[in-house]
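Me: I'm new to this one and don't quite know where to look. Could you pick a single part and walk me through it slowly?

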Amino acid sequence: MPIVVDPDSGTVATLLAALPSTAQPSAHGVPSGDRLLRWLDEHPTEYVVVVGPSLSLEEALLLCERLRVSRPALSLVLVRQQIEAAMLTRAMSAGVREVVAFGDTQALLGSVSRAEELHLALRGPGSPATTGRIVTVFSPKGGVGKTTLAVNLAVALSRGGAKRVCLVDLDLAFGDVAITLQLLPTHSIEHAIGSEASVDLPLVESLLTKHEASVMVLAPPSHPDVRERITALLVSRILGALRTGFDYIVVDTAPDFDEHTLTALDETDECVMVATLDLPTLKNVKIGLATLDSLAIAAGHHHVVLNHADEDTGLTIQQAEEILARKIQIRMKSSIDVARSTNQGVPIMSSQPEHAVSNAIRALASQLAGGPSEPFPVADEEHRRQRRSSRRMKLRR
C-alpha cells in the first residue's frame, strides 16, 4: 500500500486524498524517515513511498538514497513545492522514480498508479494476496464501552463478507474481551513471550481461541504483571503475522498511550475513537485525536463513535462535535439490551442483529470496509508547527 512520509499532518492528509481511489483505503502516513524505516521493516511488501514536501531536500534525498540501496524494488515518489533541473538530477541519482509538484493531483495519481503497476508486474502470478487490515478501537478514557464496541465490531465484520476476523485484546493488564464473550482461553499472548525472532502465522494461530460467531480471539495474559514482559516488537510481529491470515484484525486497547497501544496504532489502518456525551471524556478524546494527528497515525482514517449518545445528559451532539472539532460518524444511544447481552456473553450483534445499536455498528463496519473516512481538520500554520515538533518520545517521557 502507499506510504506517505511528511512531518505535517495536514500535508499528509492532502497527499493521501490525492492517491488513486483503489489505494486510499489502505494508504498510510508516517511523520519521519525513522518511523518509515521501522514500518518497512515490519511490512516488507510495501510498493511505493511518497516523500512529502515538508522534509528538507537534503533529508528527503538522504532517505531515498538509503531506500534505493536497501529496498531497490520500492518505488519512490518525491513531492516538492518547486521543481528545478538540478534538483531533478540529484533526485534521480538518489533512486527517486518520479518527482511531482505539490498540488499536482493528476501527476501524483499517475505516479502512484504506475508504481502499483510495476509492483504487480514484479510480483507476478501466484504471489501472496493483499494483507489484512488492522482496525484499532481506542479511547483515552475508560468506561466508554470500548471493549463492547470492539467485540461487536469484530462480529459485524465477520458477517459482512470477510472470510476471517481476529479480535486481539491488547489491554494486557485488565483486558475483558474473553469474559465478555465467556471464553476460557487455554493460551494467550503470554505464551509468545520471547518468540520475537520466530513469530509467524502458525505460531500465532496456536494461541487463538475460537468464538462461535466465527471470530478468533487472542487473549491477554491471565495476570497483569506479565504485561511488562511483552515487548512492543512482539506485538508488532504478532499483528504482522495476523495480517497474512485474516481479512480484519480488530484490536481492543488499554485506555492509555502506553507502548503496546502506540505499537498497535503504528500498525493500524483504521482507528476507531470512542467517546461518550460528558465533558471529561470529550476533553480526553479531543486530546487523543490531536495526539493521533500530531503523530500522523492512521491519517485520514479516524472514525469517531459516540456511545451513550443520550442528549438528556445536558450536552447535545452538536456541542460534542464543536468540542471535538470534527464530525461524529456513528452514534449509539444507551440500551439495557446491550448490558444484558454482555452479561449473557452473547454480543448484541448476535442476539439482536436488528437492534438500533447493532445497526449502528454494522454501519461502522461498512465504513471500515471501504466507506468514506473523516479527513484531517484544517489547521493553521501555528498549529501545524506545534504538531511538527511533537513526537512519540514526548509521549513516553
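Reply: Let's start with helix H4 (residues 85-93), which lies across strands E4 and E5 and runs at about 140° to E5. Lying across counts as contact here, that is, heavy atoms within 4.5 Å. The angle is taken between N-to-C directions on a scale from 0 to 180 degrees, with axes fitted as lines to C-alpha atoms, for helices over the stretch in contact. The H and E labels are DSSP runs counted from the N terminus: helices (H or I) have at least four residues and strands (E) at least two.

Before going on, keep in mind that this is a predicted model, where local features need pLDDT of at least 70 and side-chain atom pairs count only at pLDDT 80 or more, while totals for chains, interfaces and linings use all residues. Residues are numbered from 1 along each chain as its sequence is written, and side-chain values use heavy atoms, leaving out hydrogens and water.

Now for the sheet that H4 sits on. It's an open one with 5 strands in the order E2-E1-E3-E4-E5, paired in parallel. Two strands pair if DSSP finds at least two bridges between them. Strand E2 (28-30) and strand E5 (98-101) stand at the edges with a single partner strand each, so one side of each has no neighbour in the sheet. From one strand to the next, the twist averages 25°.

Let's walk across the strands. E1 pairs with E2 in the parallel sense over 3 bridges, and Ile3 has His28 as its bridge partner in E2. E1 also runs parallel to E3, joined by 4 bridges; there, Val5 has Val51 in E3 as its bridge partner. Carry on and you'll find strand E3 (residues 48-51) joined to strand E4 (residues 75-80) by 4 bridges, again running parallel. Val50 is matched with Val77 of E4 in that pairing.

Another helix packs on this sheet too: H1 (residues 9-17) touches strand E1 (2-5), E2, E3 and E4, and its direction makes about 155° with that of E1. As for E1 itself, both of its faces are covered: Pro2 and Val4 are buried on one side, Ile3 and Val5 on the other. Buried means under 20% relative accessible area, exposed means over 50%, and partly exposed is in between (1.4 Å probe, protein chains only).

If you'd like to compare that with helix against helix, look at H6 (residues 146-158) and H15 (residues 356-368). Their axes come within 9 Å and cross at roughly 65°. H6 passes H15 in a right-handed crossing, meaning the near helix is turned clockwise from the far one by less than a right angle (anticlockwise would make it left-handed). On the H6 side, the contact is made by Leu149, Asn152, Leu153, Ala156 and Leu157, and on the H15 side by Ile361, Leu364, Ala365 and Leu368. They divide into 8 nonpolar, 1 polar and no charged. For that count, Ala, Val, Leu, Ile, Met, Phe, Trp, Tyr, Cys and Pro are nonpolar, Asp, Glu, Lys and Arg are charged, and the others, Gly among them, are polar.

One last stop is helix H10 (residues 259-267): 8 of its 9 residues are buried, so H10 is largely enclosed by the rest of the structure. Among the buried ones are His260, Leu262, Asp266 and Glu267.
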